[in-house]
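Me: I have a model open and want to go through its charged side chains and strands. Can we take it step by step?

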Amino acid sequence: DGINTAELSDYTIEKTNTGVTLSGKAGYLEPYTKSFSMPVVIDNQPITMLHSDLDCSEIEECGSINLPTYLEILPKGILSDRSYIEAISFGDSLKEISDYACYHTGLKYISLPETVEQIGDYAFSLAQITDISIPSSVKEIGKYAFSYSFLEKASLSKSSIEIISEGMFSGCYTLEKVELPESLKTIDAFAFSECNSLEEID
């Protein structure tokens, strides 16, 4: 909340029914924490959406990013191929992590808020996370969402998903344990292919 929008340049906003969509150069590097932050509120309107053309070029100077508190959707591919990102602070209003949103990042740890309902295709594929716990709010996880990541343990037991999508954990060579939810009905093709270290599925 303490971000001064005067420090931003070339950003634009589009008003929606629930807040505003932010685009352009819309964040800045905090000098002491070395984290990239975005405003939470502009013109007394909460930031609920980020445009796919958002300029986050200054993220290259740091390893973490603070997303707007009221953000509801993390757009498709917005942080993909940024291998230097090691940490992301998700807001407590996030509902959807879109396809490829965090694809091929350096993320080592993820704490998803209890508001997330959907995780898209390849959302965390090729990330460096070693442990993931899916909250009870999650109803759907897309194809190859965690494929070729560094996962060692994945807990889906609290989630309400009914399908382990195609290739969800494909290529997770270090994955040893997976905890499945009671709601599960179907495991699609290649969900655990190349999981050579997998020893336990509960």
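Me: Which residues gather in a patch of negative charge on the surface?
Reply: This is a predicted model. One member of the patch sits in the loop between strand 13 (140–141) and strand 14 (153–155). The full set is Asp131, Glu152, Glu176 and Glu199.

Me: Is Glu152 buried, partly exposed or exposed?
Reply: Buried needs under 20% relative accessible area, and exposed needs over 50%. Glu152 has 42% relative accessibility. That value puts Glu152 in the class partly exposed.

Me: How many salt bridges does a search of the whole structure find?
Reply: Side chains of opposite charge can pair when their charged atoms come close. The cut-off here is 4 Å between nitrogen and carboxyl oxygen. With the whole structure searched, the count is six.

Me: How many residues apart in sequence are the parts that Glu179 and Lys153 tie together?
Reply: Glu179 forms a salt bridge with Lys153, with the closest N and O atoms 3.9 Å apart. Glu179 lies in strand 16 (residues 177–179) and Lys153 in strand 14, so the pair ties together parts separated in sequence by 26 residues.

Me: Of Glu179 and Lys153, which counts as buried?
Reply: The cut-off for buried is under 20%. Lys153 has 33% relative accessibility, so Lys153 counts as partly exposed. At 18%, the buried residue is Glu179.

Me: Where does Lys185 lie, the residue that pairs with Glu162?
Reply: The closest N and O atoms of the salt bridge between Glu162 and Lys185 are 3.8 Å apart. The pair links distant parts of the chain, 23 residues apart. Glu162 is in the loop between strand 14 and strand 15 (163–164). Lys185 is in the loop between strand 16 and strand 17 (186–187).

Me: What class of accessibility does Lys185 have, buried or exposed?
Reply: Its partner Glu162 is partly exposed, at 39% relative accessibility. Lys185 has 65%. The cut-off for exposed is over 50%, so Lys185 counts as exposed.

Me: Which residue meets Lys177 in a salt bridge?
Reply: The N to O distance is 3.9 Å. Lys177 lies in strand 16, and the partner lies in the segment after strand 18 (200–201), so the pair ties together parts 25 residues apart in sequence. Lys177 is partly exposed at 23% relative accessibility, and the partner is partly exposed at 46%. That partner is Asp202.

Me: Which residues are linked with Lys177 in a network of salt bridges?
Reply: Lys177 pairs with Asp202, and Glu179 pairs with Lys153. The network takes in these residues and Glu200. Linked with Lys177 are Lys153, Glu179, Glu200 and Asp202.

Me: What is the strand order of the open sheet of four strands?
Reply: The edge strands are strand 12 (131–133) and strand 18, each pairing on one side only. Strand 16 and strand 18 run parallel and are joined by two bridges. With parallel pairing, the order is 12-14-16-18.

Me: Which residue is the bridge partner of Lys177 in strand 18?
Reply: Strands of a sheet pair through backbone hydrogen bonds, either parallel or antiparallel. Lys177 lies in strand 16. The bridge partner of Lys177 is Glu200.

Me: What is the phi of Phe190?
Reply: Most residues other than glycine have a negative phi. Phe190 is in the loop between strand 17 and strand 18 and counts as exposed at 53% relative accessibility. Its phi is positive, at about 65°.

How values were computed
Residues are numbered from 1 along each chain as its sequence is written. This is a predicted model: local features need pLDDT of at least 70, side-chain atom pairs count only at pLDDT 80 or more; totals for chains, interfaces and linings use all residues. Side-chain values use heavy atoms; hydrogens and water are left out. Patches are made of residues with over 30% relative accessible area and no salt bridge: like charges are joined within 9 Å, nonpolar side chains (Val, Leu, Ile, Met, Phe, Trp, Tyr) within 5 Å. Accessible areas come from the Shrake-Rupley method with a 1.4 Å probe; for residues, only the protein chains shown count as cover. A salt bridge is a side-chain nitrogen of Lys or Arg within 4 Å of a carboxyl oxygen of Asp or Glu. Lys and Arg count as positive and Asp and Glu as negative; His and the chain ends are not counted. The place of a charge is taken as NZ of Lys, CZ of Arg, CG of Asp or CD of Glu. Buried means under 20% relative accessible area, exposed over 50%, partly exposed in between (1.4 Å probe, protein chains only). Two strands pair if DSSP finds at least two bridges between them.
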